[in-house]
Amino acid sequence: MRVSEQPEDVFARLPAGSFDKDCPTRPLMAQVTGRWGALIIAALVPGPVRFSGLHRQIGGISQKMLSQYLKSLVRYGLVERLVEPTVPPQVTYRLTPLGRSLAEQLCALLGWFGANTAELEAARQRHDATDSPSR
């Protein structure tokens, strides 16, 4: 949200049907905003990366989960899978132009989390301290 914008202005920019249960973007939105999607896309911002490089860079993701997310992101045209004809074949992944435009937004969101981590963590601790089952 820009400094001069009101919340209603931001809401008004949402596409019609965004909250509809049958919105065709829901499956992709779930992939991108899920546990790993934003991190995979952000990891590809600097340029092409091999599968093993992504796996090392994104702590905690299993090879199976990385593979599933990459297949989905390729399917939706956000990531391109490049196979080099070597033995064994070397596979790299890179953002498509559409993926780069999404990456700009996701990196801003990830930056927001980084900038507000201390405040978010303090709020969580305050909540947990006053919402304990012993009270």
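Hi everyone. A pocket, as I use the word today, is an open set of grid points where a 1.4 Å probe fits, with protein on both sides within 12 Å along at least five of seven lines, and a lining residue has an atom within 4 Å of a point. Please keep in mind throughout that this is a predicted model.

Let's start with the pocket, then. The largest one has a volume of about 980 Å³. Its lining is made up of 18 residues, and those nearest the centre are Leu 14, Leu 102, Gln 105, Leu 106 and Leu 109. Two elements each give two or more residues to that lining: helix 2, residues 26-33, and helix 6, residues 97-130. Which helix gives the most? That is helix 6, with 6 residues. As for the chemistry of the lining, 13 of the residues are nonpolar, 4 are polar and 1 is charged.

Now please turn to the surface. Here we find a nonpolar patch of about 520 Å², made by Leu 39, Leu 109, Leu 110, Trp 112, Phe 113 and Leu 120. Helix 6 comes up again, as it supplies the largest share of this patch, 5 residues. Leu 39 sits in helix 3, which covers residues 37-43. How much of Leu 39 is accessible? Its relative accessible area is 37%, so it is partly exposed. One name may sound familiar: Leu 109 belongs to this patch, and Leu 109 is also among the residues nearest the centre of the largest pocket.

On to charges. As a general reminder, side chains of opposite charge can pair when their charged atoms come close. How many salt bridges does the structure hold? There are 4, and I'll walk you through some of them.

Let me begin with Glu 80 and Arg 94. They form a salt bridge in which the closest N and O atoms are 2.8 Å apart. Glu 80 is in strand 2, residues 79-84, and Arg 94 is in strand 3, residues 90-95, so this pair ties together parts that are 14 residues apart in sequence. Glu 80 is partly exposed, at 30% relative accessibility, and Arg 94 is partly exposed too, at 33%.

While we are in this region, have a look at the loop between strand 2 and strand 3, where Pro 88 lies. The peptide bond leading from Val 87 to Pro 88 is cis, and its omega is near -10 degrees.

Back to helix 6 for the next salt bridges. Arg 124 meets Glu 121 in a salt bridge, at 2.3 Å from N to O. The two residues both lie in helix 6, 3 residues apart, which is about one turn of the helix. Arg 124 also forms a salt bridge with Asp 128, and there the closest N and O atoms are 2.8 Å apart. Why are Arg 124 and Asp 128 separated by about one helical turn? Because they are 4 residues apart in helix 6.

Put together, Glu 121, Arg 124 and Asp 128 are linked in a network of salt bridges. Buried or exposed, you may ask, or something in between? Arg 124 counts as partly exposed at 40% relative accessibility. Glu 121 counts as partly exposed at 32%, and Asp 128 does at 39%.

To finish, a word on helix 6: it gives the most to the lining of the largest pocket, and it provides the largest share of the nonpolar patch. Thanks for listening!

Methods: Residues are numbered from 1 along each chain as its sequence is written. This is a predicted model: local features need pLDDT of at least 70, side-chain atom pairs count only at pLDDT 80 or more; totals for chains, interfaces and linings use all residues. Side-chain values use heavy atoms; hydrogens and water are left out. On a 1 Å grid over the protein atoms alone, a cavity is a set of points where a 1.4 Å probe fits but cannot get out, and a pocket is an open set with protein on both sides within 12 Å along at least five of seven lines; lining residues have an atom within 4 Å of a point. Grid points are joined across faces, edges and corners, and a volume is the space filled by probe spheres set on the points. Ala, Val, Leu, Ile, Met, Phe, Trp, Tyr, Cys and Pro count as nonpolar, Asp, Glu, Lys and Arg as charged, and the others, Gly among them, as polar. Patches are made of residues with over 30% relative accessible area and no salt bridge: like charges are joined within 9 Å, nonpolar side chains (Val, Leu, Ile, Met, Phe, Trp, Tyr) within 5 Å. Accessible areas come from the Shrake-Rupley method with a 1.4 Å probe; for residues, only the protein chains shown count as cover. A salt bridge is a side-chain nitrogen of Lys or Arg within 4 Å of a carboxyl oxygen of Asp or Glu. Buried means under 20% relative accessible area, exposed over 50%, partly exposed in between (1.4 Å probe, protein chains only).
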